[in-house]
Amino acid sequence: MEGVDESVPYPEKYHAHYPKTKAMAEKFVIAAAEQGLKTIVLRPHLIWGPLDNHLVPRIIERANRLVKVGDGRNLVDTIYIDNAAAAHIQAADRLEQNRNLSGRVYFISQDHPVLLWEMVDNILKTAGLDPVRRSISRNKVWMISADL
């Protein structure tokens, strides 16, 4: 999502189970706030850092199968693990000081989007692997997925 803030409504339809279940969890947490529990929803995106056992290993494992979708210039927000942890602690501290924050939703990121495929290629380079060379147009992906 580009150019949106936390007020963007949840979609009517989800294209994958992961964002759908995240939205369900957020709604549960917001409802708990409405019942008096002090809560804040934080939305980190693409957490990275030392000892990552999720993002980097999956990129490296799939290096030979990766295909850039679109022109390769899409931006993505990321957040370094230490900053994500600090954001959670700060949110808890602020909530303790100001109960009116309860039930609110906040995106957290480095506040500096990066080129997704440049980041992927840098990860591959660091692992001694070649950059992603194959690509497919965004329109073609939509046509293929419509047939599934």
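**Figure 1. The whole fold: 5 helices and 8 strands make up this protein.** The model shown here is predicted. Reading from the N terminus, you get the order α-β-β-α-β-β-β-α-β-β-α-β-α. If you want a feel for the box it fills, the C-alpha trace spans about 50 × 40 × 25 Å along its principal axes. As for how the chain meets itself, take the contacts with a separation of 6 or more: 80% of them come from residues 24 or more positions apart.

**Figure 2. The outside of the protein, with about 11,200 Å² of accessible surface.** Carbon and sulfur atoms own 55% of that accessible surface. Of the 148 residues, 24% count as buried. On the charge side, there are 19 positive and 18 negative side chains. Put a centre on each of those two sets and you'll find them 5 Å apart.

**Figure 3. The largest nonpolar core, a set of 10 residues.** The members are Leu55, Ile59, Ala63, Leu66, Trp117, Met119, Val120, Ile123, Leu124 and Val132. Helix 2 (55–61) and helix 4 (116–126) each chip in with at least two residues of this core. Helix 4 is the top contributor, giving 5 residues.

**Figure 4. Zooming in on Ile59, a member of the largest nonpolar core.** Leave out residues up to four places away in sequence, and Ile59 touches Leu66, Val120, Ile123 and Leu124. Those four partners also belong to the largest core.

A second core sits apart from the one just described: this separate set has 9 residues, including Ile79, Ala84, Ala87 and Leu101.

**Figure 5. Arg43, a buried arginine in strand 1.** Strand 1 covers residues 40–44. Why is arginine 43 counted as buried? Because its relative accessibility is 14%, which falls under the 20% cut-off. The Arg43 side chain makes a polar contact with the side chain of Glu26, at 2.7 Å.

**Figure 6. The neighbours that Arg43 touches.** Setting aside residues up to four places away in sequence, the list is Glu6, Tyr10, Glu26, Val105, Tyr106, Phe107 and Ile108. Glu26 is the one to pick out here if you're following the polar contact, since its side chain is the partner of the Arg43 side chain at 2.7 Å.

Methods:
Residues are numbered from 1 along each chain as its sequence is written. This is a predicted model: local features need pLDDT of at least 70, side-chain atom pairs count only at pLDDT 80 or more; totals for chains, interfaces and linings use all residues. Side-chain values use heavy atoms; hydrogens and water are left out. Helices (H or I, at least four residues) and strands (E, at least two) are DSSP runs, numbered from the N terminus. Buried means under 20% relative accessible area, exposed over 50%, partly exposed in between (1.4 Å probe, protein chains only). Contact means heavy atoms within 4.5 Å. Accessible areas come from the Shrake-Rupley method with a 1.4 Å probe; for residues, only the protein chains shown count as cover. Lys and Arg count as positive and Asp and Glu as negative; His and the chain ends are not counted. The place of a charge is taken as NZ of Lys, CZ of Arg, CG of Asp or CD of Glu. A nonpolar core is a set of buried Ala, Val, Leu, Ile, Met, Phe, Trp, Tyr and Cys residues joined through side-chain atoms within 4.5 Å. A polar contact is a pair of N or O atoms within 3.5 Å; within protein, one must be able to donate a hydrogen and the other to accept it, and residues adjacent in sequence count only if both atoms are side-chain atoms.
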